Amino acid sequence: MDEKNQSAILYGVDDLRLEEVDIPEPGDDEVLIRMKAIGICGSDVHYWKHGRIGDFIVNEPMVLGHESAGQIVKIGANVTDLEVGDKVALEPGVPCYYCDQCLSGRYNLCKDVKFLATPPIHGSMQTYVTHSANFCFKLPDNMTYDQGAMMEPLSVGLYAIKRGGVTLGDTVFISGAGPIGLMCLIAAKAAGASIIIISDLVAERLDVAEQLGATHIFQIGKDDQVKSVDVAVKKGILPEPTISIECSGAGVAVTSCINCTKSGGKIVIVGMGPPEIKIPLVSAACREVDIIGVFRYANTYAQARALLASGQIDVSPIITHHFDIENMIEAFNVSANGTDGDNISIKVVVTL
């Protein structure tokens, strides 16, 4: 076991430090994991640049990171289904198990959930992490640590598709081709959507979307006459979606989703934008367009593992950069800027 536990600790806005901390001991129902791969999420960048996300405020030093995979090096006294040496992916949210939401299976809505890298809970971007064994998913030999870490953002996509009820033959529109939008695309394709439209401001992201199976790509603002997807749908340039999934967090994008979705269809809100936005709600109501919220995910990790292990889906095109933890500041800058100066960045992975 390494003697050092290097940790990416956020002290405040633009104050991220690599420091050594003590190696923790696992509780009776926990395992100690030697981390191998941690993806940088938009929330990590947001905490770094703003010190808060809504009501979640970094008031004291906090380790970042929650998209993670590693190898078990020690197990607690009550752990029987995992062993030292197992490769695992960490589902980052550990609920209370006992509230109404937990008992009904919607544990992502548990008021007492402890979610990695959500204040005041420390995250997983450190050499050693303890975590509930119930929320560690053993990876088969043919899965990599990168794939294990990507089970977290993939779970967001799978859950969004589940909430929207995407099924065989559906026409789906995805607003935003960032990591989560692309994961929704992958999930929609796996669910059987026959037509998948995706939009973004950045052409290079749309190139990746096309590689992943998008049937129609739309660069917002490229055409002065057709600046948005809803206008393109009205003009017959794009097919009318039955389900729209909003992943950008922009208020105008939510409006576009409402305007372009077929009457009787659904809109799934995944992107986190301002607390309040102005939308054409009466239009949605009169056309019976359902607006569905998504908060993280529940009961998706086993599905994500099965899809990745079988080779049915491929998330490797989304991972554009790797950095050692010693170069984490550069990693965060590349993630925040969306480019390394020469090439776009989509998902940046920190390795240990």
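**Figure 1. Strand S11 gives the largest share of the lining of the second largest pocket, 5 residues.** Keep in mind that this is a predicted model. The pocket shown here, the second largest, holds about 440 Å³ of space. Its lining is made up of 27 residues, and those nearest the centre are Glu30, Leu116, Ile121, His122 and Thr130. Strand S11 spans 128-132, and strands S1 (6-12) and S6 (62-63) also supply at least two residues each. What mix of residue classes lines this second largest pocket? The lining has 14 nonpolar, 8 polar and 5 charged residues.

**Figure 2. Here's a closed space inside the protein: the largest cavity, with a volume of about 60 Å³.** How many cavities of 30 Å³ or more are there? The count comes to 1. Eight names to look for around the largest cavity are Glu91, Gly93, Tyr107, Asn108, Val113, Phe115, Arg296 and Tyr297. Sorted by class, this lining has 4 nonpolar, 2 polar and 2 charged residues. Two of the lining residues, Phe115 and Arg296, turn up together again: arginine 296 lies over the face of phenylalanine 115, at 3.7 Å from the ring centre.

**Figure 3. Take a look at the aromatic rings, which form 5 pairs in this structure.** The rings of tyrosine 297 and tyrosine 301 have centres 6.0 Å apart and planes at 45°. Why is this pair called tilted? Stacked pairs have planes under 30 degrees apart and edge-to-face pairs over 60, so with its planes at 45° the pair of tyrosine 297 and tyrosine 301 counts as tilted. Are these two tyrosines buried or exposed? Tyrosine 297 is buried, with a relative accessible area of 3%, and tyrosine 301 is buried too, at 1%. Elsewhere, Tyr97, Tyr107 and Phe135 are linked by ring pairs into a cluster. Tyr107 is also one of the residues lining the largest cavity.

**Figure 4. An arginine sits over a tyrosine ring: arginine 17 and tyrosine 11.** Arginine 17 lies over the face of the tyrosine 11 ring, 3.7 Å from the ring centre.

**Figure 5. The largest nonpolar core brings together 57 residues.** Which residues have the most contacts inside it? They are Met151, Ile174, Leu182, Leu185, Ile198 and Ile245. Both helices and strands chip in with two or more residues: helices H3 (145-164), H4 (179-191), H5 (203-211) and H9 (301-310), along with strands S13 (171-175), S14 (195-200) and S16 (243-246). Helix H3 gives the most to this core, with 9 residues.

**Figure 6. Now pick out leucine 308, a residue of helix H9.** Is leucine 308 buried or exposed? Its relative accessible area is 4%, and buried means under 20%, so leucine 308 is buried. Try finding isoleucine 174 as well: its C-alpha atom and that of leucine 308 are separated by 22 Å, with the two residues 134 apart along the chain.

**Figure 7. Helix H1, residues 42-50, has several buried residues.** Which ones are they? Look for Ser43, Asp44, Val45, Tyr47 and Trp48. A handy rule for reading such a picture is that an α-helix has 3.6 residues a turn, so residues three or four places apart point the same way. Just after helix H1 comes glycine 51, with a positive phi near 75°.

Definitions and conventions: Residues numbered from 1 in each chain as written. Predicted model: local features only at pLDDT ≥ 70, side-chain atom pairs only at ≥ 80, totals over all residues. Heavy atoms only, no water. Phe/Tyr/Trp six-rings, centres within 6.5 Å; stacked < 30°, edge-to-face > 60°. Buried < 20%, exposed > 50% of the residue type's maximum accessible area, 1.4 Å probe, protein only. Lys NZ or Arg CZ within 6 Å of the ring centre and 35° of its normal. 1 Å grid on protein atoms, 1.4 Å probe; cavity = no way out; pocket = protein on both sides within 12 Å on 5 of 7 lines; lining within 4 Å. Points joined across faces, edges and corners; volume = space filled by probe spheres on them. Nonpolar A, V, L, I, M, F, W, Y, C, P; charged D, E, K, R; others polar. Helix = DSSP H or I, 4+ residues; strand = E, 2+ residues; numbered from the N terminus. Core = buried A, V, L, I, M, F, W, Y, C linked by side-chain atoms within 4.5 Å.
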